[in-house]
Amino acid sequence: MEYLRVVWTLFRKDLRAEWRSREMLSSMLVFALLAIILFVFSFELSADLHRQAFAGTLWISLCFAGTLGLTRSFAQEQENSVVEGLLLVPVDRSAIFFAKALANWLWMMLLAVLLVPLMAFFMNLNPFSWSLLGVILLGTLGYALCGTFLAGITSRLRHRENFLPLLLFPVLLPLLLAVVRATGILLNGGDSAELITWLGMLAGYDMLFIALGLFLFEQVIAD
């Protein structure tokens, strides 16, 4: 219970800090909106092509916008030497990882909630379904877990804004492949067995980074 209380306290700290400034979420939203609007108005696509392009446009916009939030994930702690204070808390260091990952997951989910209806309006589609919500939940969770872990690795680097995307996107390739394929199957119809395969891949990816955060984050944040 003490572990969960520390995770919840750190999670609330991040929420309060972002709510006061609204810097991270606003920059993520503006970037994602620009990416989607540029795509929609740069290409004259038919309804069928819009349906096919929906999945790739959504997830690429989310991932690129999410990097802005990840680069800020540990920035305040590093700038104000808060990390040293967090390391003095008598609890497993993985609590810091899970609190950060939960906060990043929340921002990604809020971003997705705003972008999906907007893209549906521009592309004249109706993508809404409980299955799509499940894919978004699994996909954004995997992104938050992976991004938080790598943001912790690069947090002490001088040019972390440059190094984080270089590390992040190669590692994200399996996740991006799975979420784009799963979303495409839901929108365009496809083999349900193939959908289950991609969902299993998403769940496995999420579990992998939960394990990495649980067992390795202490070495990452302490180095």
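These are my notebook entries on what I looked up in this structure.

**Entry 1: the overall build**

I began by noting that the model is a predicted one, and then I went through its secondary structure, which comes to 9 helices and 0 strands. Reading from the N terminus on, I wrote the order of elements down as α-α-α-α-α-α-α-α-α. I next looked up how much of the chain is covered, and found that 45% of the 223 residues count as buried. For the outside, I noted that the protein exposes about 11500 Å², and that carbon and sulfur atoms supply 69% of this area. I also looked at contacts between residues with a separation of 6 or more, and 83% of these join residues that are 24 or more positions apart.

**Entry 2: the largest nonpolar core**

Which residues have the most contacts inside the largest nonpolar core? I found that this core has 62 residues, and that Phe 54, Leu 58, Trp 59, Leu 62, Tyr 143, Leu 172 and Phe 217 are the ones with the most contacts inside it. I then listed the elements that give two or more residues to this core, which are α1 (2-21), α2 (23-42), α3 (47-73), α6 (94-123), α7 (130-154), α8 (160-188) and α9 (192-222). Helix α6 gives the largest share of the core, 16 residues. As a reminder to myself, I added that in soluble globular proteins nonpolar side chains tend to be buried together. I picked Leu 58 for a look at its neighbours, and, leaving aside residues up to four places away in sequence, I saw that Leu 58 touches Leu 115, Val 116 and Met 119.

**Entry 3: two cysteines**

How many disulfides does the structure hold? I found 0, and so I turned to the cysteines Cys 63 and Cys 146 to see how each is placed. The cysteine sulfur nearest to that of Cys 63 belongs to Cys 146 and is 9.5 Å away, whereas a disulfide needs the two sulfur atoms within 2.5 Å, which is why I do not count this pair as one. Looking from the other side, I noted that Cys 146 is in no disulfide either, with the sulfur of Cys 63 as its nearest. Are these two cysteines buried or exposed? Cys 63 counts as buried because its relative accessibility is 4%, and Cys 146 is buried as well, with a relative accessible area of 0%.

**Entry 4: the second largest pocket**

I recorded that about 180 Å³ of space lies in the second largest pocket. Its lining is made up of Met 109, Ala 112, Val 113, Val 116, Pro 117, Phe 128, Ser 129, Leu 132, Leu 133 and Ile 136. Helices α6 and α7 each supply at least two residues of this lining, and the largest share, 5 residues, comes from α6. I marked Val 116 here, since this lining residue had already come up among the residues that Leu 58 touches.

**Entry 5: two partly exposed residues**

I looked up Arg 51, which lies in helix α3 and is partly exposed, with a relative accessible area of 29%. Not counting residues up to four places away in sequence, Arg 51 touches Leu 125, Leu 187 and Asn 188. Arg 51 and Leu 125 are 74 residues apart along the chain, and their C-alpha atoms are separated by 7.1 Å.

I then turned to Ser 26 in helix α2, which is partly exposed with a relative accessible area of 37%. Ser 26 and Gly 69 are 43 residues apart in sequence, and I noted 9.6 Å between them in space, C-alpha to C-alpha.

How values were computed: Residues are numbered from 1 along each chain as its sequence is written. This is a predicted model: local features need pLDDT of at least 70, side-chain atom pairs count only at pLDDT 80 or more; totals for chains, interfaces and linings use all residues. Side-chain values use heavy atoms; hydrogens and water are left out. A nonpolar core is a set of buried Ala, Val, Leu, Ile, Met, Phe, Trp, Tyr and Cys residues joined through side-chain atoms within 4.5 Å. Buried means under 20% relative accessible area, exposed over 50%, partly exposed in between (1.4 Å probe, protein chains only). Helices (H or I, at least four residues) and strands (E, at least two) are DSSP runs, numbered from the N terminus. Contact means heavy atoms within 4.5 Å. Accessible areas come from the Shrake-Rupley method with a 1.4 Å probe; for residues, only the protein chains shown count as cover. On a 1 Å grid over the protein atoms alone, a cavity is a set of points where a 1.4 Å probe fits but cannot get out, and a pocket is an open set with protein on both sides within 12 Å along at least five of seven lines; lining residues have an atom within 4 Å of a point. Grid points are joined across faces, edges and corners, and a volume is the space filled by probe spheres set on the points.
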